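User: I would like to learn how to read a protein model feature by feature, beginning with what lies inside. Could you take me through the general idea each time and then the case at hand?

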Amino acid sequence: EIMPSLVGSEMCIRDRFKVNIKYMTDTIAWYRKHFKLPKSAKGKKVFIEFEGVRQGAEFYLNGKHIGRHENGVMAFGFALTPYINYDGENVLAVRADNDWLYKEKATGSRFQWNDINFNANYGGIPKNVWLHITDKLYQTLPLYSNLQTTGVYIYATDIRTKTRKAIINAESEVRNEYDTPLNVNYEVSVYDYDGRLVSTFGSESIQVNPKETCLLYTSPSPRD
């Protein structure tokens, strides 16, 4: 986690639980995080994931504007690789605007779901922020709104409640940023609540071409 999971300003912290929701502070909050990457990150892919920023925000890395997100509740992220300084300090800055009446820049419209009667507005960055460093062959992140990637998706089918059984299905979107084709397979291990291994299963190997994104799928066979 690289940024604080805190309310956008001291005023917002002061207001929580002390005033009527409609009188809570809405304001501009700036966040800045200075960080260095380990030497092992050189040449690798770097992504940042925000679990949520309220209401809208502008993002900058080392003085470069890397994007905007306007939603207030859902997770999103950015690819930092083109802007990252692998050999020294990096500065990530976030300008968060938690105005109750926030309007999207492109459309001038408010969020349809936003209502002070049931959406407490603590503003700023109220959720976790994660920095991901990956190989050039990597599983994508489930952050479709900005990165247009779907990541890993696990779901159950053939659910039988009486016998407490189901078929576990696993999908993973994989991208190859190398200049040569690579063979990839997908292995999944399932553990129970107590940490005991229940099953391991995997997909057949496929070739992923340079700059190509593929979806790998696997589920256990009936005998598993």
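Analyst: A nonpolar core is a set of buried nonpolar residues joined through their side chains. In this predicted model, the largest such core holds 23 residues, and those touching the most other members are Phe50, Val53, Phe59, Phe78, Leu80 and Ile84.

User: Which elements give two or more residues to this core?

Analyst: Strands β1, β2, β3, β5 and β6 each do so. Apart from that core there lies another, of 9 residues, which includes Val174, Val184, Cys214 and Leu216.

User: How many helices and strands does the protein have, and what share of its residues is buried?

Analyst: There are 2 helices and 15 strands, and of the 224 residues in the protein, 38% are buried. The accessible surface amounts to about 13,400 Å², with carbon and sulfur atoms accounting for 50% of that area. As for how the chain comes together, take the contacts between residues at least 6 apart in sequence: 66% of these join residues at least 24 apart.

User: How should I read a sheet, and what is the strand order in the open sheet of 3 strands?

Analyst: A useful general idea is that side chains in a regular strand alternate between the two faces of the sheet. In the open sheet of 3 strands the order is β5-β2-β7, and the pairing is antiparallel. Strands β5 (76-79) and β7 (129-134) are at the edges and have a single partner strand each, so one side of each is left without a neighbour in the sheet. On average, neighbouring strands here are turned by 20° against each other, direction ignored.

User: Over how many bridges do β2 and β7 pair?

Analyst: Strand β2, residues 45-50, pairs with β7 over 6 bridges in the antiparallel sense. Within this pairing Phe50 stands opposite Val129 of β7, and Phe50 is also one of the residues that touch the most other members of the largest core.

User: Now a loop residue: where does Gly43 lie, and is Gly43 buried or exposed?

Analyst: Gly43 belongs to the loop between β1 (28-36) and β2. Burial is read from relative accessible area, with buried meaning under 20% and exposed over 50%; Gly43, at 43% relative accessibility, therefore counts as partly exposed. Once its neighbours within four places in sequence are left aside, Gly43 is in contact with Tyr86 and Lys136. The C-alpha atoms of Gly43 and Asp135 are separated by 8.4 Å, although these residues are 92 apart along the chain.

User: What is the order of the open sheet formed by 4 strands?

Analyst: That order is β1-β6-β3-β4, again with antiparallel pairing. The edge strands, β1 and β4 (64-70), each pair on one side only, and from one strand to the next the twist averages 15°. Between strand β3 (residues 56-61) and strand β6 (residues 89-97), which run antiparallel, there are 6 bridges.

User: Glu58 is found in strand β3; which residue of β6 stands opposite Glu58, and which side chains make polar contacts with the side chain of Glu58?

Analyst: Arg95 in β6 is the residue opposite Glu58. Glu58 has a relative accessible area of 10%, so Glu58 is buried. Its side chain makes a polar contact of 2.6 Å with the side chain of His65, and another polar contact, of 2.5 Å, joins the side chains of Glu58 and Arg68. Beyond residues up to four places away in sequence, Glu58 touches several residues, among them Gly67, Ala93, Val94 and Lys105.

User: Finally, how do I follow the pairings of a strand such as β10, and which strands are joined to β10?

Analyst: Take the partners in turn, and note one facing pair for each. Strand β8 (residues 137-139) is joined to β10 (residues 165-176) by 3 bridges, running antiparallel, and here Gln139 stands opposite Val174. Strand β9 (residues 152-160) also runs antiparallel to β10, with 7 bridges, and the bridge partner of Ala156 in β10 is Ile168. The hairpin of β9 and β10 has 4 residues between the strands, and in it Arg164 takes a positive phi near 60°. Lastly, β10 pairs with strand β15 (residues 212-218) over 7 bridges in the antiparallel sense, where Glu173 stands opposite Leu215.

Methods:
Residues are numbered from 1 along each chain as its sequence is written. This is a predicted model: local features need pLDDT of at least 70, side-chain atom pairs count only at pLDDT 80 or more; totals for chains, interfaces and linings use all residues. Side-chain values use heavy atoms; hydrogens and water are left out. Buried means under 20% relative accessible area, exposed over 50%, partly exposed in between (1.4 Å probe, protein chains only). Contact means heavy atoms within 4.5 Å. Accessible areas come from the Shrake-Rupley method with a 1.4 Å probe; for residues, only the protein chains shown count as cover. Two strands pair if DSSP finds at least two bridges between them. Axes are lines fitted to C-alpha atoms, for helices over the stretch in contact, and angles run from 0 to 180 degrees between N-to-C directions. A polar contact is a pair of N or O atoms within 3.5 Å; within protein, one must be able to donate a hydrogen and the other to accept it, and residues adjacent in sequence count only if both atoms are side-chain atoms. A nonpolar core is a set of buried Ala, Val, Leu, Ile, Met, Phe, Trp, Tyr and Cys residues joined through side-chain atoms within 4.5 Å.
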